[in-house]
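Work through the exercises below with the sequence and the model open. Try each task before you read its solution.

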Amino acid sequence: MTATTAKWDVFELRLSGPTGGNPFLDVDLEAVFIFRSRAVRVPGFYDGEGSYRIRFMPDAEGAWSFVTRSNAPGLDGRTGSFDCGPALANSHGPVRVRDRFHFAYADGTPYFPFGTTCYAWTHQPLDMQRQTIATLGRTRFNKIRMGVFPKSYPYNENEPLQDIYQRKDDGTLDFDRPNPAAFRHFETQIGTLRDMGIEADVIIFHPYDRWNYSGMTREQDFRYLAYLAARLSAYRNVWWSLANEYDFMLDTKPMEQWDRYFQIIEENDPVGHLKSIHNGDPRMNYDHRKAWVSHVCIQNWDVKRTVEWREAYHKPIVNDEPEYEGNILPAWGNLNAQELVHRFWLTVMRGGYAGHGETYSHPEDLIWWAKGGALCGEAWRRIGYLRDLLESDVQGGLEPLGVSTAWPWTRVSGAADPVGGVRFIYFGEHQPIEWTTGLPVDNDNYDVDIIDTWRMTTEVAKKIPPRIPSRTRHGSVVQGGKADAAFGVALPGRPYLALRIRKRT
């Protein structure tokens, strides 16, 4: 009987093989999967106790066949086949870049990343991991940044659930022998996120480390990358983040080595998942123009520069750390919730995407950003509200109108329909009592709503006659001109409001 695997799901081939020596180093294994005239190379991996696995994500319905290749005779030349059936409900495939600055799933469904950060949640006690999953289920987050390695940092100093590598007889870690149990647990949680519709932004390296994972040799790093790609690439919800704050490791991992890391992932990931890298110092952005980088992952508090980054890199901008809501000592971790929501709106209205983090002090250091668990802040609800607004009206992502310095607000519209469709005007910290600029100029066949981004309310705007604006020239006011819209709207005169203008159909 031929096995059946759903499109964009995981087909897994399990084989028994040699256990002598060090199979992680000694045994090479891969398979070639064939669909009609197409052949796809897929690396395999050793899963301990004589078990070898090859995982593959089929992306086309129909009959697939395969043949294995290995330097171990018992694993070489194994053949088989399976049928790929329709995608499962709510499975849209891996996320891809679309229209240069935006994202969509493989089936064309738009994807707007609204992510959060829980660096070491998979390294916490199992009860806390279950709590994290339950919390995510109550939010609207559809991406999470999470590290393969545990983290040693203030607020996150407990021992991890498992070692990522096996121990030698002397108790030190053996960086030539991955711990399959730890990787199985990690990928199980990635599968849980997949079934919840959440992308796993997998952080491969970071500098916050007392176990010396960040001190592995160049060759050990290369093998780790290949092993990780072989284990995880078949999960459709994986994104690759080469590092959290790569620039803090340049003394041991020079720039050319980071370039090679990207290439190794590319060579061992037949799915071609999204790939990025995250800076620490705002002045140390990686050169995201390089061909192997799919999108810009950045950390910078100055979200008003989003248009600048779009113009510099011509790729999607994901500011995953515009600082965090919380009250801990470091400046990056004590924004009030309203400011983080404001930074989300500024980023999205300028054609980018932002990331959430929560860092409220806890007597046992049970902080969401570090360990997951429970959310106690207020920003996450408003971020979910923004996602719902976007998904209800926008298909192709948002594009800024005009240059970033033209106004203290931003006007944006649907990329596929820059005049009609939907337009947002976000006022942010500004609080005008009426508005005309940026509204449609042809007629009043539009519905205009006032959105309170904090109260999460929407009300119909009162239309008023347009005013003839004054023009400012070199600091002097020059009267005259003409109205640039067919109508104006009255506003409540408080900050953090937005207008949504939709053409009637």
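Helices (H or I, at least four residues) and strands (E, at least two) are DSSP runs, numbered from the N terminus. This is a predicted model, in which local features need pLDDT of at least 70, side-chain atom pairs count only at pLDDT 80 or more, and totals for chains, interfaces and linings use all residues. Residues are numbered from 1 along each chain as its sequence is written, and side-chain values use heavy atoms, with hydrogens and water left out.

**Exercise 1. Place proline 270 and list what it touches.**

Step 1. Find the element. Proline 270 sits in the loop between α5 (255-268) and β17.

Step 2. Classify the exposure. Buried means under 20% relative accessible area, exposed over 50%, and partly exposed in between (1.4 Å probe, protein chains only). Proline 270 has a relative accessible area of 34%, so it is partly exposed.

Step 3. List the contacts, meaning heavy atoms within 4.5 Å. Not counting residues up to four places away in sequence, proline 270 touches Val40, Arg41, Val42, Pro43 and Ser233.

Step 4. Check one distance. Phenylalanine 222 is 48 residues from proline 270 along the chain, and their C-alpha atoms are separated by 17 Å.

**Exercise 2. Describe how α4 packs on α5.**

Step 1. Choose the descriptors. Two packed helices are described by the angle between their axes and the distance between the axes. Axes are lines fitted to C-alpha atoms, for helices over the stretch in contact, and angles run from 0 to 180 degrees between N-to-C directions.

Step 2. Read the values. The axes of α4 (residues 218-232) and α5 cross at roughly 30° and come within 9 Å. That makes the two helices roughly parallel. The cut-offs are under 35 degrees for roughly parallel, over 145 for roughly antiparallel and 65 to 115 for roughly perpendicular, with the rest oblique.

Step 3. Give the hand. The crossing of α4 and α5 is right-handed. A crossing is right-handed if the near helix is turned clockwise from the far one by less than a right angle, and left-handed if anticlockwise.

Step 4. Name the partners. From α4 come Arg218, Asp221, Phe222, Leu225, Ala226, Ala229 and Ala230; from α5 come Gln257, Arg260, Tyr261, Ile264, Ile265 and Asn268.

Step 5. Sort by class. The contact of α4 with α5 has eight nonpolar, two polar and three charged residues. Here Ala, Val, Leu, Ile, Met, Phe, Trp, Tyr, Cys and Pro count as nonpolar, Asp, Glu, Lys and Arg as charged, and the others, Gly among them, as polar.

**Exercise 3. Repeat the analysis for α2 and α3.**

Step 1. Helix α2 (residues 126-138) and helix α3 (residues 180-195) have axes 11 Å apart, at an angle of about 20°. They are therefore roughly parallel to each other.

Step 2. The crossing of α2 and α3 is right-handed.

Step 3. Leu126, Gln129, Ile133 and Leu136 of α2 make the contact with His185, Gln189, Thr192 and Leu193 of α3. These residues divide into four nonpolar, four polar and no charged.

**Exercise 4. Is serine 276 buried or exposed, and which residues does it contact?**

Step 1. Serine 276 belongs to strand β17 (residues 275-276).

Step 2. Its relative accessibility is 1%, so serine 276 counts as buried.

Step 3. Leaving aside neighbours within four places in sequence, serine 276 contacts Trp240, Ser241, Leu242, Phe262, Val293, His295 and Cys297.
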